[in-house]
Amino acid sequence: MKLIKCLSEKIEDEICDAGEYIDMAMKWKNDEPDTADLFYELSVCEMEHMDKLHNEVVELINEYRQEHGEPPKEMMVLYDYLHQKHIGDATQVKIKQGMYKA
């Protein structure tokens, strides 16, 4: 499904942006705390966007199952791979966000 591919790419973009923002927040935390807080908030927002995109992917897969049965194995193998990658990358961002708030 081309739409799931598109959504997966956007999920990666959101995680990457969230990671960049939290890295900037950590960098500027001591010297520019207000700006660092802004970067932190932007990182959190990007992760919220990622969650929304992920929920859409799950909804599309569930709709496909209801209408057509199980999705093709190849599609699910790729989805599972990307999903695990996204979970790992998102976890790293969330760890950094937690460190920022500590």
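Which residues does glutamine 97 touch, not counting residues up to four places away in sequence? Keep that in mind while we walk through this predicted model; we'll come back to it at the last stop.

**Stop 1: α1 and α2**

Select residues 2-28, which make up helix α1, and then residues 33-68, helix α2. Their axes sit 8 Å apart, and the packing angle is about 165°. Angles over 145 degrees count as roughly antiparallel, so that is the label for α1 relative to α2. Now look at how one passes the other: the crossing of α1 and α2 is left-handed. Colour the residues of this contact by class and you should get 22 nonpolar, three polar and five charged.

**Stop 2: α3 on its own**

Next, select residues 73-101, helix α3. Here's a little check you can do with a distance tool. With 29 residues at 1.5 Å a residue, α3 should span 42 Å; the C-alpha atoms at its ends are 41 Å apart, so the two agree.

Now show the side chains of Met75, Met76, Tyr79, Leu82, His83, His86, Ala90, Val93, Gln97 and Tyr100: these residues of α3 are buried. What's covering them? α1 and α2 are included in the cover.

**Stop 3: α2 against α3**

Keep α3 on screen and bring back α2. The two axes come within 11 Å, crossing at roughly 155°. That angle makes α2 and α3 roughly antiparallel. Their crossing is left-handed, and the contact holds 14 nonpolar, four polar and four charged residues.

**Stop 4: α1 against α3**

Swap α2 for α1. The axes of α1 and α3 come within 10 Å and cross at roughly 15°. Angles under 35 degrees count as roughly parallel, and therefore α1 and α3 get that description. This crossing is left-handed too. To see who meets whom, pick out residues from the α1 side, including Ile4, Ile11, Ile15 and Ile22, and from the α3 side, including Leu82, Val93 and Gln97. By class, this contact has 13 nonpolar, four polar and five charged residues.

**Last stop: glutamine 97**

Zoom in on glutamine 97, which lies in helix α3. Is glutamine 97 buried or exposed? Its relative accessible area is 10%, and buried means under 20%, so glutamine 97 is buried.

And the opening question? Leaving out residues up to four places away in sequence, glutamine 97 touches Ile22, Tyr40, Ser43, Val44 and Met47. Select those five residues together with glutamine 97 to see the contacts on screen. Ile22 belongs to α1, so you've met that one already at the α1 and α3 stop.

How values were computed
Residues numbered from 1 in each chain as written. Predicted model: local features only at pLDDT ≥ 70, side-chain atom pairs only at ≥ 80, totals over all residues. Heavy atoms only, no water. Axes fitted to C-alpha atoms, helices over the stretch in contact; angles between N-to-C directions. Helix = DSSP H or I, 4+ residues; strand = E, 2+ residues; numbered from the N terminus. Parallel < 35°, antiparallel > 145°, perpendicular 65-115°, else oblique. Left-handed = near helix turned anticlockwise from the far one by under 90°. Nonpolar A, V, L, I, M, F, W, Y, C, P; charged D, E, K, R; others polar. Expected span 1.5 Å × (residues − 1). Buried < 20%, exposed > 50% of the residue type's maximum accessible area, 1.4 Å probe, protein only. Contact = heavy atoms within 4.5 Å.
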